[in-house]
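Trainee: I have just opened this one and could use a guide. Could you walk me through it?

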Amino acid sequence: MSIAPTSFESLEVPEAATRSEDYLWTLNFGPQHPATHTTLRLVLKLEGERVVDAMPEMGYLHSGFEKIGEHLTFNQYVTVTDRMNYISPMANNVAWHHAVETLLGIELTPRCKVIRTIIAELARLSDHLLSNGAVGLDTGAFTFFLYGFYQREVIYDIFETLCGARFTNSYTRVGGVSQDFTPLVIEKIRSFVKTFPKTLDDMERLLTRNRIFVDRTKGVGVLTKEEAINRGATGPVARASGVTRDLRKDEPYLAYADYDFQICCATAGDCYARYLVRMQEMRESLKIVAQAVENIPTGPVSVGIDQRTALPTKQQVYSTIEGTISHFELSMSNRGFEVPCEESYAAIEAPNGELGFSIVGDGNETAYRARCRPPSVLHFALFPYLIRGHTLSDVVAVLGSLNIIAAELDR
Amino acid sequence: MPFTPPSVDDVIAAVAGRFGPLETSAFRGQTRLVVPAERSFEVLEFLKQRGFDLLIDVSCVDYLEYRDPPMQMPACAGSRYGLVYLLASTTTNQRLTVRVFADDPEPMVASVVPLWEAANWLEREVWDLFGIRFTGHPDLRRLVMPEEFTAHPLRKDYPLQGRGERHNFPVITRHES
C-alpha cells in the first residue's frame, strides 16, 4: 500500500512571499528570569542577536495597592508602601507620610525632619548599592555585587536597631516616626559613615575602569536629554542624561536645605553614565548622612500631643491623661485626624526618581484616593526605545541600569 | 524654613489671555487649573509650549462616593471622573495641576501622547483601572490587569473583595487538560 499522498497538487503551498519580518524570531524574556530580578516580561523581536523591537509587559505583581489605600488609614497604609519599592522601603515610608502631612498641613519637628532625612539617605545608599550591584551581576561582575550587598547588610542592621525590622520597616507615622533614634543607632550610623567610603573605593576600583564592564555598558541604551524629559524620566536615569532635576535641591523638603551636597549629573545618557551617577550619588548621600547625624536637634521626635495628629508614645499613653485622650481620639474610627476635603500631591526624590503620592481627602481618616506616582513605570516604558538596535546581551545591562522594581511597577 | 513653590501666576494669566478665564484654585501652594474636556488638548499643548516640559503623572479620581461633589472645583461638580495631569517645568521648577472632568456613560478625553510620550503608559493605566477612553491614543490596551479582564477595578463601584478574584477564574483540572 502506498503511503505517498495521492496528489501533490491538492496541497496548497502558499506563495513564497519573503518579507524581512520572516527572518525575525521572538524571544520571551521573563516573567521569571534571573536577570529581570523581579516579575516582568519582555517580548523581544530579534534578528540574529540584534534586538529589533521589544514589547515590555507588566502586571504580574499587580496587587491593587491603590485600591487598598482607599481602605486603610494613613498610618496603616505605610505597611503597604514598604512593599512597593522593597529595596528602599524607608524612602517609600517617608514619601507616603510626606504626602499625608502635606494634605493634613502638619509641620514636623526639627528632630523628625533630620531623622527622616538620614533614613531616606540610607535608603538611597542601599538602593543604589543593589541597583549598581545588579548591573555588575548581570554583566558578570559577581564580586562587585557581593561588596555592595555586604554594605546593605550593615544598613539593614542599622534599621533593625532602629525599628526592629530589617526589610519592611514601616518606620514613619503621621507627624513623626515610630521610634526615636537611640545612642546605639547613632553609633552604628557613625561607624557606617566611617567604614563605607573604603568599600565604595574598592567597588569603584573593581568596576569603574574595568574593561569588560565599560565595553558592556558604554554607549548602550543611550537616552538623550530631550527624550528623557519627553518620556518622563526622573532620578538617576534623567540625571545621567543631563537633566539637572533633583527635588532635594529644587524643592527642598525635610531638612535638605541645611546640608551641603551636590547633584550628580552626566551627559552621556548611557548605561555607564547611569552607573557613574549612582556611584557618585552614594558619596553625596554619605555626605548628607555624615552632616546630619552629627547635628540631630534635640526635642520631641513627633509633633506634640496637643495637636492631636501624631500617635503618642506608650509612655505618654500610660502615664499622662493627655496621652490617653489623644491616643483614644486618634484610634477611634469617627474621630481621628481632621482631613480636609481637598487633594494634594507631594513627592520626594526617591532613589529611583520622583516618588509622589496624590491623596484625595474626604474628611475620613482613610484616603479617598491614594495615587502613587511610581518612577519605575515611566522608566520601564523607556525600555523599547533604549534597547532598539542593541544586542540580546545588552538587554540585561539596560534593564539593570534602569533599576525597575516590579512591585513598584505594578503596585 | 518651609519651601514655597515658585508662583505660576504668569502662566495662569497667559492661559486666561489665550483661552478666556478658566477656573483655578490653590491648596497648600499647589495651583489647579480646571479645563473643559473638549479643550483639554489645546490647553495642555499651550502649557507645554509655556515651559511645562515634564509630565509627572496622569491619574484619575472617581467621585462617585465623594462626600461632597468636588467643592473646590464647582464648575465641574457632578462629573464622575476627574483626571489629574501633574505638570512640571525642568527649568523654572514650577508645578501645575490640570484637572479635566469626564462623565458616564462614555468618559472620553483627548490623549496627550502627541505632546508627551510619558503619557503613553500613564493613560493606559487610567484606561485599565478607570475605563476612561483616551481618543487618539496609539495603543490603548490594559496595562496592569490581564487582557481578558472586563471591569475597571479602581472605580468606586468595584468592591475591594469578592469580584474578579482568583477563585472565580475557570479552573482547568489535570483531567481536562
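**The sheet of chain B**

Mentor: Let us begin with chain B, where five strands form an open sheet in the order E1-E2-E5-E4-E3, with mixed pairing; strands here are DSSP runs of E with at least two residues, helices are runs of H or I with at least four, both numbered from the N terminus, and two strands pair if DSSP finds at least two bridges between them. Please keep in mind that this is a predicted model, in which local features need pLDDT of at least 70, side-chain atom pairs count only at pLDDT 80 or more, and totals for chains, interfaces and linings use all residues. Residues are numbered from 1 along each chain as its sequence is written, while chains are lettered from A and ligands numbered from 1 in the order in which they are written.

Trainee: Which are the edge strands?

Mentor: They are strand E1 (23–27) and E3 of chain B, each of which pairs on one side only. E3(B) runs antiparallel to E4(B), and eight bridges join them, with B:Ser59 standing opposite B:Val84 in E4(B).

Trainee: And which strands does helix H2 of chain B lie across?

Mentor: Helix H2 (residues 40–49) of chain B lies across strand E2 (30–35), E4 and strand E5 (95–102), running at about 170 degrees to E5(B); axes are lines fitted to C-alpha atoms, for helices over the stretch in contact, and angles run from 0 to 180 degrees between N-to-C directions.

Trainee: What about the loops, where is B:Pro105?

Mentor: B:Pro105 is in the loop between E5 and strand E6 (108–110) of chain B, and the peptide bond leading to it from B:Asp104 is cis, with omega near 0 degrees. Most peptide bonds are trans, and most residues other than glycine have a negative phi. B:Arg28, in the loop between E1 and E2 of chain B, has a positive phi, near 50 degrees, and B:Asn93, in the loop between E4 and E5 of chain B, has a positive phi near 60 degrees.

Trainee: How many C-beta neighbours does B:Asn93 have inside 10 Å?

Mentor: B:Asn93 has 14 and counts as partly exposed, and B:Arg28 is partly exposed with 15 other C-beta atoms within 10 Å. A residue is buried if 20 or more other C-beta atoms lie within 10 Å of its own, exposed if 12 or fewer, and partly exposed in between, with C-beta atoms placed from the backbone.

Trainee: Switching topic, how many residues does each chain give to the contact?

Mentor: Chain B gives 35 residues and chain A gives 38, where two residues are in contact if their C-beta atoms, placed from the backbone, lie within 7 Å. On the side of chain B that touches chain A, E3(B) gives the most, with six residues.

Trainee: Now chain A, what is it built from?

Mentor: Chain A has 16 helices and eight strands, and 54% of its 411 residues count as buried. Its C-alpha atoms fill a box of roughly 100 × 50 × 45 Å, taken along the principal axes.

Trainee: How do H4(A) and H11(A) cross?

Mentor: The axes of helix H4 (residues 110–138) and helix H11 (residues 271–294) of chain A come within 9 Å and cross at roughly 155 degrees. The two helices are therefore roughly antiparallel to each other, a label for angles over 145 degrees, whereas those under 35 count as roughly parallel, 65 to 115 as roughly perpendicular and the rest as oblique.
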